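Have your viewer ready and turn on side chains as sticks. We will go from stop to stop, selecting a few residues at each one.

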Amino acid sequence: MMNNNKLYFTLSQIFFNRSEISHHDITNNIYTYENIENNDNEMIIDCIEDIELNYEKKNHHEKKKPHEVDKFRLKHNKNDNILTITRHGFIKSEMIFAPGGVTDFVHDSALGKIHFILNTTELNINEHNIEITYDLYDKENLLSKNKLVINI
């Protein structure tokens, strides 16, 4: 594992509108973590801050300054191979990624509460990175196909 207390997130998303591909975005975030616990049964990473955001949309590149502190926890249940990402900063949610499983969650932010459904197609975790492939739905419509890579 890197010992610089940083996690590097890359989220690649293909967005859909009425079953048609709308656009493709890539977002890169760098987070600081304050604690990693890693034992035989589970791995827990507590993150405390959004350091940097790089956003790509088509040919447009934008780099944003850090905004409000976003706190979240990554928890990997090694026995069941389930990853839970709990956000408890200015955005509140609990996303459960279970390979081959469908779960739902509420995204609670300044814009209100929005209900989503996750269909996790792949979850691969090793000592250096976490890779999650999932589809995101509203009630019945596919909103996006996603690949999240977290480098530890």
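The tour below visits a polar contact, some aromatic rings and then the salt bridges.

Before you start, note that this is a predicted model, in which local features need pLDDT of at least 70 and side-chain atom pairs count only at pLDDT 80 or more, while totals for chains, interfaces and linings use all residues. Residues are numbered from 1 along each chain as its sequence is written, and side-chain values use heavy atoms, with hydrogens and water left out.

**Stop 1: a buried aspartate**

Select Asp-25, which sits in strand β2 (residues 20–38); strands here are DSSP runs of E with at least two residues, numbered from the N terminus. Asp-25 is buried, at 5% relative accessible area. Buried means under 20%, exposed over 50%, and partly exposed in between, using a 1.4 Å probe and protein chains only. Now add His-23: its side chain and that of Asp-25 are joined by a polar contact of 3.4 Å. Such a contact is a pair of N or O atoms within 3.5 Å; within protein, one must be able to donate a hydrogen and the other to accept it, and residues adjacent in sequence count only if both atoms are side-chain atoms.

**Stop 2: the rings**

Rings of Phe, Tyr and Trp (its six-membered ring) pair if their centres lie within 6.5 Å; planes under 30 degrees apart count as stacked, over 60 as edge-to-face and the rest as tilted. By this rule there are five aromatic pairs. Select Phe-9 and Phe-72, an edge-to-face pair with 5.6 Å between centres and 85° between planes. This pair links distant parts of the chain, 63 residues apart: Phe-9 is in strand β1 (residues 6–17) and Phe-72 in strand β5 (residues 72–77). Phe-9 is buried at 10%, and Phe-72 is buried at 3%. Add Tyr-31 to see the cluster that ring pairs build from Phe-9, Tyr-31 and Phe-72.

**Stop 3: salt bridges**

How many salt bridges does a search of the whole structure find? There are four, each a side-chain nitrogen of Lys or Arg within 4 Å of a carboxyl oxygen of Asp or Glu.

- Select Glu-42 and Lys-75, whose closest N and O atoms are 3.7 Å apart. The pair links strand β3 (residues 42–57), home of Glu-42, with Lys-75 in strand β5, 33 residues apart.
- Go on to Arg-73 and Asp-46, which meet at 2.7 Å, N to O. Arg-73 lies in strand β5 and Asp-46 in strand β3, so the bridge ties together parts 27 residues apart in sequence. Arg-73 is partly exposed at 32%, whereas Asp-46 is buried at 12%.

Notes: Helices (H or I, at least four residues) and strands (E, at least two) are DSSP runs, numbered from the N terminus.
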